[in-house]
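Me: I have a new structure open and no idea where to begin. Can you walk me through it?

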Amino acid sequence: MAVEQTFDDLHFTQEPEIETSIPGPESKKLLERQRRIDSSAIAYPKVVPIAIEEAKGATIRDADGNTFLDFFAGIGVLNVGHSNPYVMEAVQEQTEKVAHTIDFPTEARLDLIEALNDIAPGALPDNNRVIFGGPTGSDAIEGTIKLAKYNTGGDGLIAFRGAYHGGSAGALSLTAGKKYKEDYAPMLPNVHHVPYPFAHEQGLDPQEASDRALANVRELLEDPYSGFANPAGIWVEPIQGEGGIVTPPEGFLPGLKEIAENNDIPLIVDEIQTGFGRTGEWFASDHYDVTPDAMPMAKAIGGIGLPLSGTMYHEDLDTWEAGGHVGTYRGNAPAMVGGVRAIEYIRDNDLLAHAREVGSYIRDRLRESAGVNERLVDVRGRGLFIGAEFADSEDQTGKELVKDIQEDCYKRGVLVWSAGRRGNVLRLIPPLVLTQEQATAGMDIICDAIEQHASSSHN
């Protein structure tokens, strides 16, 4: 059982504590040092200039001693919080024994596979295999591309507009965002991006949006003159993350699964950002009663941010030979122990229900703010996977407004991020251990920032 510990004890504080100007002098020194020697490809410090000293639970302390509430969680990695002591204890013990094991059997590896089996969605429990490869979500996606092609003999990939699946060659090709790949030559030209059911964006009833999206996929696969030959599989996020926390209508994923079965191709459900309790269920697939044929996982799988990725797939697809998918770090034993402990912590502390409850509170607070700032036009998500979309005005884009809100929150001690096809979605993905008190303190600041910008609304 998890250690007896309240959520309060996991954190530095229950509300932000800002002692200096933001960023403070020590943070400025480190940010300038980074600017001189680090890559120009770094992204996050350019938007949220913070130099991190230490972190606990849902709180981060910078180099100047300022404490922030973390509504970002390392892009959804730290589901049980920063430096969770129950996870850290086992990770440290494992690190002292052995850390790098490739794919030789260890208790850490086998325990994690069994723990994943216990929480697998749909009909996957006791009917699956798990493979670990490189330590990133992108690598897990690459593995599913190879798995699908190997089993079907096809080379045509189906993905969705608004999708994000990673930054390596195959994953980038499945990714829809032009900004991620427009400066690079096409790498997998046989990828077809079809519309995702985004009722708000499309101005449709949710059922109509779902029906249209499914019809597009069905036509692509079944119309003899669609121009699409030799399909290998369908890749889909159960809730789009980078695309703006787009939550599909209820019938979409079951309909997609039926289409995949009818055409003898696998449905690959990307649970990299939505897995391990993020949406209030172990996996977002559970909300829709869908069994993925393959399910890439990463982010929170390593427990406390340790790098690890894996893919669970139906055992019928386990046809490849030794070395079918490899990676030097596919035996990161401390990360595997961290994953087991994180699963135990989520279960023993009922964090799925907690995520649903606190997430509902956060969405309600956002909807209240929509009554003050008319540019807040949609609130979406499940559990602690939440997006608030802002419309353009005559003199400011929704993206610019989100940046202004983000900066206001940052200066007052709450770290938030953005998403959306046009960067106009405020994305809130705090650790699942966020307390109700922290949620209240954080939302007071976030909603105040939203409401303070109501005067800039010109609709």
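**A first look**

Reply: Start with contacts. Count those in the chain between residues at least 6 apart in sequence, and 75% of them join residues at least 24 apart. Keep in mind that this is a predicted model.

Me: OK. How many helices and strands are there in the chain?

Reply: The chain has 16 helices and 15 strands. Its radius of gyration is 22 Å, and the globule rule gives 23 Å for 459 residues, so the chain is as compact as a globular protein of that length.

Me: What does the C-alpha trace span along its principal axes?

Reply: About 60 × 60 × 45 Å.

Me: And what share of the residues is buried?

Reply: Buried residues account for 57% of the 459 in the chain.

Me: What about the surface? How much of the accessible surface belongs to carbon and sulfur atoms?

Reply: The chain's accessible surface is about 18900 Å², and carbon and sulfur atoms hold 47% of that.

Me: Switching to charges. How many are positive and how many negative?

Reply: There are 39 positive and 71 negative charges in the chain. The mean positions of the two sets lie 6 Å apart.

Me: Now cysteines. How many disulfides does a search of the whole structure find?

Reply: It finds 0.

Me: Why no bond for Cys409?

Reply: Distance. The closest cysteine sulfur to that of Cys409 is in Cys447, 8.9 Å away, and that is too far for a bond. A disulfide needs the two sulfur atoms within 2.5 Å. Seen from Cys447, the closest cysteine sulfur is in Cys409, again at 8.9 Å.

Me: Are those two buried or exposed?

Reply: Cys409 is buried, with a relative accessible area of 0%. Cys447 is buried too, at 2%. The cut-off for buried is under 20%.

Me: Let's pick a single residue. Where is Leu428 found?

Reply: Leu428 sits in strand β15, which covers residues 425–428. Its relative accessibility is 0%, so Leu428 counts as buried.

Me: Which residues is Leu428 in contact with, leaving aside its neighbours within four places in sequence?

Reply: Phe71, Ile362, Leu366, Leu384, Phe385, Ile386, Val416, Met443 and Ile446.

Me: And how is Leu428 placed relative to Asn128? What separates their C-alpha atoms?

Reply: They are separated by 32 Å. Along the chain, the two residues are 300 residues apart.

Me: On to the backbone. Which residues does a cis peptide bond join?

Reply: Ile22 and Pro23, with omega at about -5°. Pro23 belongs to the segment before α1, the helix at 25–37.

Me: What is the phi of Asp289?

Reply: About 55°, a positive value, although Asp289 is not a glycine. Asp350 is not a glycine either, and its phi is positive at about 50°.

Me: Where do I find Asp289 and Asp350?

Reply: Both are in loops. Asp289 is between α12 (285–288) and β9 (294–297). Asp350 is between α13 (333–348) and α14 (351–370).

Me: Is Asp289 buried or exposed? And how does Asp350 count?

Reply: Asp289 is exposed, at 68% relative accessibility. Asp350 is partly exposed, with a relative accessible area of 48%. The cut-off for exposed is over 50%, so Asp350 falls in the class in between.

Me: Which residue should I click to see a buried spot in a strand?

Reply: Leu428 fits. It is in β15, and it counts as buried at 0% relative accessibility.

Technical notes: Residues numbered from 1 in each chain as written. Predicted model: local features only at pLDDT ≥ 70, side-chain atom pairs only at ≥ 80, totals over all residues. Heavy atoms only, no water. Helix = DSSP H or I, 4+ residues; strand = E, 2+ residues; numbered from the N terminus. Rg over C-alpha atoms; globule rule 2.2 N^0.38 Å. Buried < 20%, exposed > 50% of the residue type's maximum accessible area, 1.4 Å probe, protein only. Contact = heavy atoms within 4.5 Å. Areas by Shrake-Rupley, 256 points an atom, 1.4 Å probe, with all protein chains shown as cover. Lys, Arg positive; Asp, Glu negative; His and termini not counted. Charge placed at Lys NZ, Arg CZ, Asp CG, Glu CD.
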